[in-house]
Amino acid sequence: MRQIPVDTNGATLMVAQPPQVKMRDKKNGVIATDGDNGPKLMTVDVLFVMNGNAEVVTITVAEPDISGELVMGTPVALTGLVARPWENEFNGQKRHGISFRAVAVTSLVTEAAKPKAA
């Protein structure tokens with residue numbers, strides 16, 4: 001499968017939607033995994049802001065490779081981000097798009113910056 005590396009240098013990245021379990025088959029409740037017996041896959045919606053343009057993209061990442069608390073608005077780093085063009089046919093309709101996969105999604109909020117409980 002073709003993979004296109006995505007350069008995030010100079011971009012502002014923040015969580016738009018916290019991690020959610022990626023479903024392989026929503027109808028039957030089958031969770032997507034990395035390979036046959038790998039960890040479950042998660043999706044994280046990330047606001048990608050660069051050169052005055054902003055777009056929310058959905059990033060797929062293995063669950064163990066999500067670090068830090070990822071709540072809405074959390075600045076993040078995306079390690080090894082790639083874009084993968086895809087195409088399929090469903091009920092006679094051809095569809096295509098781009099999916100995004102990262103090796104890791106890491107919160108950039110340090111422990112010192114987190115609010116303390118009273």
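This dialogue works through strand pairing and pockets in a predicted model.

Reader: Before I look at single residues, what holds the strands of a sheet together, and in which directions can they run?

Author: Strands of a sheet pair through backbone hydrogen bonds, and the pairing is either parallel or antiparallel. In this predicted model, strand β5, residues 41-50, and strand β6, residues 53-62, run antiparallel and are joined by 10 bridges.

Reader: Which residues of β6 are the bridge partners of V46 and F48?

Author: V46 has V57 as its bridge partner in β6, while the partner of F48 in that strand is E55. If you follow the chain from β5 into β6, you pass through a hairpin with 2 residues between the strands, where N51 takes a positive phi near 55°.

Reader: How many bridges join β2 to β5, and do these strands run parallel or antiparallel?

Author: β2 and β5 run antiparallel, with 7 bridges between them, and one place to look is Q17, which stands opposite D45 in β5. As you trace such strands on the screen, keep in mind that in a regular strand the side chains alternate between the two faces of the sheet.

Reader: In which sense do β6 and β10 pair, and over how many bridges?

Author: That pairing is in the parallel sense, and it extends over 2 bridges between β6 and strand β10, residues 93-101. To find it in the structure, start at T60, whose bridge partner in β10 is R101.

Reader: How should I read the open sheet of 3 strands, and what is its strand order?

Author: The order is β7-β11-β8, and the pairing in this open sheet is mixed. The edge strands, each pairing on one side only, are β7 (66-67) and β8 (76-79). β7 runs parallel to strand β11, residues 104-107, and 2 bridges join them; within that region S67 stands opposite T106 in β11.

Reader: Turning to the pockets, how much space lies in the largest pocket, and which residues are closest to its centre?

Author: The space in the largest pocket comes to about 320 Å³. Of the 14 residues that line this pocket, K22, T43, T60, S99 and F100 are the closest to its centre. Elements that give two or more residues to the lining are β3 (23-25), β5, β6 and β10, and β10 gives the most, with 4 residues.

Reader: What is the chemical character of the lining of the largest pocket, divided into nonpolar, polar and charged residues?

Author: The lining of the largest pocket divides into 6 nonpolar, 4 polar and 4 charged residues.

Reader: What is the volume of the second largest pocket, and which element gives the most to its lining?

Author: The second largest pocket has a volume of about 160 Å³. The elements that give two or more residues to its lining are β2 (12-21) and β5, and β2 gives the most, with 4 residues. Among the lining residues are Q17 and D45, which you have already met as residues that stand opposite each other in β2 and β5. By character, the lining of the second largest pocket divides into 4 nonpolar, 4 polar and 3 charged residues.

Terms used: Residues are numbered from 1 along each chain as its sequence is written. This is a predicted model: local features need pLDDT of at least 70, side-chain atom pairs count only at pLDDT 80 or more; totals for chains, interfaces and linings use all residues. Side-chain values use heavy atoms; hydrogens and water are left out. Two strands pair if DSSP finds at least two bridges between them. On a 1 Å grid over the protein atoms alone, a cavity is a set of points where a 1.4 Å probe fits but cannot get out, and a pocket is an open set with protein on both sides within 12 Å along at least five of seven lines; lining residues have an atom within 4 Å of a point. Grid points are joined across faces, edges and corners, and a volume is the space filled by probe spheres set on the points. Ala, Val, Leu, Ile, Met, Phe, Trp, Tyr, Cys and Pro count as nonpolar, Asp, Glu, Lys and Arg as charged, and the others, Gly among them, as polar.
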